[in-house]
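I opened this entry to keep track of what I looked up, strand by strand and helix by helix. The notes follow the order in which I went through the model.

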Amino acid sequence: MEAVRVGSRGQQRGLAPTIRHHKLPPPHSLFPISTTTSTSAVSFASRKRRLNRKLSCRGLISKMADHDQAKAVAADVVSRDMIFQPILEDGVFRFDCSAEARVASYPSLSFTCSKDRDTPIMSHSVPSYTPTYECVSGKQIVKFKFPDGTSFYGTGEVSGQLERTGKRVFTWNTDAWGYGPGTTSLYQSHPWVLAVLPNGEALGVLADTTLRCEIDLRKESIIQFIAPSSYPVVTFGLFASPTDVLKSLSHAIGTVFMPPKWSLGYQQCRWSYDSDERVREIARTFREKGIPCDVIWMDIDYMDGFRCFTFDQERFRDPQSLVKDLHDDGFKAIWMLDPGIKKEEGYFVYDSGSKNDVWIKKADGEPFVGEVWPGPCVFPDFTQSKVRAWWAALVKDFTSNGVDGIWNDMNEPAVFKTVTKTMPESNFHLGDEDIGGCQNHTHYHNVYGMLMARSTYEGMKLANENKRPFVLTRAGFIGSQRHAATWTGDNLSNWEHLHMSLSMVLQLGLSGQPLSGPDIGGFAGNATPKLFGRWMGVGAMFPFCRGHSEKKTNDHEPWSFGEECEEVCRLALKRRYRLLLHIYTLFYLAHTTGTLVATPTFFADPKDPGLRTTENSFLLGPLLVYSSTIADQGMDRLHPVLPKGIWLRFDFDDSHPDLPTLYLQGGSIIPLAPPHQHVGEANLSDDLTLLVALDQNGHAEGLLFEDEGDGYEFTRGGYLLTRYVAKLQSSAVTVSVSQMEGSWKRPRRRLHVQLLLGGGAMLDSWGIDGDVVKINMPTEVEVSSLVSTSEKQYRTLLECAKHIPELEEVSGHKGVVELSKDPVELKNSDWIAKVVPWIGGRIISMEHLPSGTQWLHSRVEIDGYEEYSGTEYRSAGCSEEYSVIEDLEHAGKEESLILEGDIGGGLVLRRQISLSNDNPKILQIDSGIIARSVGAGSGGFSRLVCLRVHPMFSLLHPTETFVSFTSIDGSKHEIWPESGDQFYQENLLPNGEWMLVDQCQGLALVNRFNINEVYKCYIHWGTGTVNLELWSEDRPVSKQSPLTVSHGYEVRRIS
C-alpha cells in the first residue's frame, strides 16, 4: 500500500491526508559532469553555476535552491585519495576531490583573504596525511586516519567533554537555549578539528564549507566530514606542537581583534535591568561594596517595543545622561542590537531598509517576514556590501548616544513559531560575488551572524576611528574572532554547566576564537550561593568575564547570595584585576602572533597522555588555574595533578576553598597590577610587580605589553613591550630588562619583584623599573623553613575561611525552580536518562550512546518527558514533587527508578523508568494513575482522569525529520512538520509502534506501546521540537482498575 504523506504545501489540518510532494532531484543529477579533468567540463561547471545563480535570484529555479551548491563532483564516487596543492605557507595544504572541483569551489568565508586558499605556492613539502573521499547521494564524505592514541579537540562552540573522540557535531547555527552535554548544534559553526598525535605533534583540519557539515569523531583516531558536494579541505601541519598549528591557522583565518583594555574587566548583565535608575543602582552598589567592575549591559528591554536603534521613552528616556553617569563612575555601557527589524511603516529603520532594498527575500522575491521579539520582522541581507554599509551607518549614529560596545544577539538568525527555529532555507540572499554571489539561505545561514558582527564592528569603527570597537556576537563562524567576542550562550545554573564552561571556552580558543566566556552563574534558573561563588572563582580567570541571568530568576549580582559568597566574588575579581596586565599582554600576543589566551593544561606537555582529558584546569600562558567544579569538593579537598616540571603555587593572601589554586610554571615571569575597581583607575606610574618562578637552571623570563589600552597608536609604534629576565648567579637572583620594543619611554615607577620558592613562600625586593633588582638567596635550610611556614599559613587560611553555605534553596521570586540540584541518572551501555524527581518527575535528557544522539533535552521546570492526569495541557502530574519510591540496581542486570507524585483526590501518578542490561537497546517506561485513598462516598471511584504521556523530542534536522507508522487498518503514514497538529485513533491508531525519523542521520527513534492501553496518539510540531503523545482512555479509576500505559524507546538505523 502506498504511504500517505501529510504535510505538503497547502495542507488542511485534520485527518484528511495528502500526498507529500517529492523534492526535485539535485542539479548534479540533471547536469552530469565527469569527475575527470577537462577544460570544457570546468568551463561548463562554472557557466552552469553562474547561470543557476542568476536564475534562482530571478525566482525561476527557486525549487532547486537547496541544491545550488552542486559542483563538479556529480555521480557517486567510491573511496579514493583527494588531490592536493600547497597554499599559504609551508606545511599548509588544500585538498580537493578533483581539478574541476577546485576551480568550481565557492570563495572562502573563513579565510581572511579567499585568494590565499585558492592560490598555490611553490613548495617541495608533501602532506603527512592525505584524506580519502567518497561522493554518495550528493554528499562528499572526507576521512582522515591517524595513529592510535590520537586525541581530537576543537569543533568550535560545543558542549560536553574536552577531548572529542566519540562525539559528533553538526555545524548549523541554532538557538539552543538550555543546551546539554549531548547537544550537537549550538550557536556557532567551526568545521575544524585539531588532532594531537601520541608523540605531541599536531595537525589541524578545516572543512572549508559554509553548508551544514557533520563532523564525526565517533571512531577512534578517525576524522570524518560529511557535507554537500563539493568543498575543499585544508590541513595545517604536521607541526611540532598544537600551538604551531593554531598560529598557522591564524595566518589563514586571521587573529582576534585587539580588544580595548576595559573589555577585559568584569562585566555585569541581566535580562533585563528594566530602567536607567536600576542600572545606576547596580553601578552604585559595585562601587559601594568595593567589587571591581568595568561594564554594565543593557539587554533588549531598553528598546521601544523591541525596535532596534530606539530607546524606551519612559524607562530609558535619556541614554546619553545615563552613559555620562556611568562613565563618571568608571563604567562602560554595552547595548543589544538584534537582526530582526520590526515590519512597521513609520519606523525609521524599516522605512530606510525598504527604500534601500536590504531585506532577505523569499523564493518569490518578496521580503521574508518572520516573528521575533517585536512581532513580525524583516531581516537585513548582510551578504551584500551595500547592506553592511547601511547597517554600519545606523550603528555609527547609534553610537553617538554614548554606546561603548554592541551586543549582537538572536543572529543565527533565530525566528519564533517555526519548527526549524530559523528562516526557510529557500530564502535567498543577493550576496556579493566575492563571497559567493546569490545563494539560498542554506549557503549563508552559518555565516549570517559573522557578517552581522562584521557590519556592526565596521559601524563602530566609523563612529570613532580612535577607539577600538567591542562587539559580542552569539552566532558566528570560524573567522568571527576578527570582529567580535563571543559567549557560550544560554547555559543553565547547575554544576554540570559550570564544569562544561571550562571545556567550552577552551574549545573555542582551539578553534581560533580566544575571546570567550560563559554566563557566570548560569543564565537560566537560580544558582545557589556555593555554585555562584565557585563559578565566579573560575570565571574571573576566563578571557571574557561576564555575569548574566534571565528574567524571572533571582538576582545574580555578586552581593545577591549572602556575605560569604559576596566576599568570594570580591576576592575572585580582585585576582582578575591584579592579573590584568598579564591577560592584556596575552591578548596582544594573540592579536599579533595568533597564540591563544587560555589553553588546555596538556599544552604544558603535549606528549603526556594523562593530561589530554584534564578538564578542571587550564593555562593562561605560564599561569595554571586549577579549579574544582564538584559541589562538595572545594580546593581544600582536592589534590591537584600538575604537568611535569616546576609549578609553584602562589596567592594574594586570598586562598579560599571556593577559589581556584594558582601555579606559575618554572622559567616564567608575569606582571601584576594593583587591584583597581576598574581599568580606568590604573596609571602608568602605579607600582609594577613581577612574579618570578625560576626553572631548574635558575632562569626565568616574561613579557609585559603596555599602551593606551584603546585606539590604534600601538599599530604605529605607540606602545612599550618589555622582556624581563631573571637569573640566579652566585646565590643572588637579578631581575632586569633584556629587550624592549615600541616608541614609548619607560614610565618612572617602582618595581616590586616577588620570587617564588615553593609552597606559596616568596622573597621580595623593591627597585625602580628598568634598573637591575637583586634578591639575595637564603640558605637551603632557610628556604625549607620559609616553605614550611608558608604551607602552614596556607592550610590555616583554608581552614579558617568563611565557607559559603551549603544551600540548595535560595530566597527569591515565588515559584522559580531551583536548577542547581543534580538529576538522578540512569545508565546502561546504550542509554543515559536524567530524571528530576523534585519537579514533575520529568525526564530532562535521553541520550543514546551508540549513535551519539540526544533525542530529548529540556529545561528542568518544563518540557522534556512529562505525564499529565487529564486531557488538558499541563494538568496535574507535570509539576508536582515526586517521591523516589525505589532506586534499584538489580544485581547489575537493570537500573530502575520508581517515582510517585500526588495528583490530588486520593490519586498518585506512578512511573517506573528502567534500563536493562539484558536488553540494553530499550529505555522502558511503565506509568499508571493509581487510586490510593478515594473516598467511599464516591463508590471507590475517582474523578475522570486520562494518563497523557507528553514527551518533547528535539529535532536536529527539522526539515528532514518526519513521523512514520503503520495504522491498525494497514495504512502507512508519513507526517511532516508542515502538517500541524494531528490526532490518530481507532483504526488509524499506530499498530503498537511509531517512529521519529531523521533522514540526515539515518536514524529513527522507535516508540513501542501496548495498543490495549493507548486510545489516542497526538503529534504536535513545535519550534525545533515534536511531541509524540500517547493518551489512555478517559475514565475514573479505582484501586482495582488503574489506568496504565507501558511503552519503550529504541534507536534504529535506517537506510
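I began at a strand pairing and found that D81 stands opposite T132 in β5. This is a predicted model, and I read every pairing below with that in mind. The pair belongs to the antiparallel match of β2 with strand β5 (residues 132–136), which three bridges join.

**The six-stranded sheet**

I then followed the neighbours outward and noted an open sheet of six strands in the order β2-β5-β6-β13-β12-β8, where the pairing is antiparallel. Because β2 (77–81) and β8 (168–171) each have a single partner strand, they stand at the edges, and one side of each is left without a neighbour in the sheet. For the twist from one strand to the next I noted an average of 15°.

Which strands flank β13 in the order of this sheet? They are β6 and β12, and I looked up both pairings. Strand β6 (residues 139–145) runs antiparallel to β13 and is joined to it by seven bridges; in this pairing I found K139 with P228 of β13 as its bridge partner. On the other flank, strand β12 (residues 213–216) pairs with β13 over three bridges, again in the antiparallel sense, and here E214 has I226 of β13 as its bridge partner. The hairpin of β12 and β13 has five residues between the strands, and within that hairpin I noted S221 with a positive phi near 65°.

Is β13 mostly covered or mostly open? I found strand β13 (residues 222–228) mostly covered, with seven of its seven residues buried.

I also checked the record for this region: an unreviewed UniProt entry lists residues 127–216 as "domain: Glycoside hydrolase family 31 N-terminal". Over residues 127–216 I noted 0% helix and 41% strand, with the end C-alpha atoms 22 Å apart.

**The region from 257 to 586**

The unreviewed UniProt entry gives residues 257–586 as "domain: Glycoside hydrolase family 31 TIM barrel". Over this range I noted 35% helix and 14% strand, and the end C-alpha atoms lie 13 Å apart.

I next looked at a helix pair, helix α6 (residues 276–289) and helix α7 (residues 319–328), whose axes come within 11 Å and cross at roughly 0°. Angles under 35 degrees count as roughly parallel, and α6 and α7 are therefore roughly parallel to each other. The contact is made by D276, V279, R280 and A283 from α6, and by S321, L322, D325 and L326 from α7. Sorting the residues of this contact, I have four nonpolar, one polar and three charged.

I then turned to an open sheet of three strands, in the order β18-β20-β19 and with antiparallel pairing. Since β18 (341–342) and β19 (370–372) each have a single partner strand, they stand at its edges, so one side of each lacks a neighbour in the sheet. Three bridges make up the antiparallel pairing of β19 with strand β20 (residues 375–378), and in it G370 stands opposite C377 of β20.

**A charged side chain**

Why does R534 count as buried? R534 is found in helix α13 (residues 529–539), and it counts as buried because its relative accessibility is 3%, where the cut-off is under 20%. Leaving out residues up to four places away in sequence, I listed what R534 touches: W495, L498, S628, T629, I630, A631, Q633, G634, P657 and D658.

Definitions and conventions
Residues are numbered from 1 along each chain as its sequence is written. This is a predicted model: local features need pLDDT of at least 70, side-chain atom pairs count only at pLDDT 80 or more; totals for chains, interfaces and linings use all residues. Side-chain values use heavy atoms; hydrogens and water are left out. Buried means under 20% relative accessible area, exposed over 50%, partly exposed in between (1.4 Å probe, protein chains only). Helices (H or I, at least four residues) and strands (E, at least two) are DSSP runs, numbered from the N terminus. Two strands pair if DSSP finds at least two bridges between them. UniProt positions are given in the numbering used here, feature names are shortened, and annotations may be inferred rather than shown by experiment. Axes are lines fitted to C-alpha atoms, for helices over the stretch in contact, and angles run from 0 to 180 degrees between N-to-C directions. Angles under 35 degrees count as roughly parallel, over 145 as roughly antiparallel, 65 to 115 as roughly perpendicular and the rest as oblique. Contact means heavy atoms within 4.5 Å. Ala, Val, Leu, Ile, Met, Phe, Trp, Tyr, Cys and Pro count as nonpolar, Asp, Glu, Lys and Arg as charged, and the others, Gly among them, as polar.
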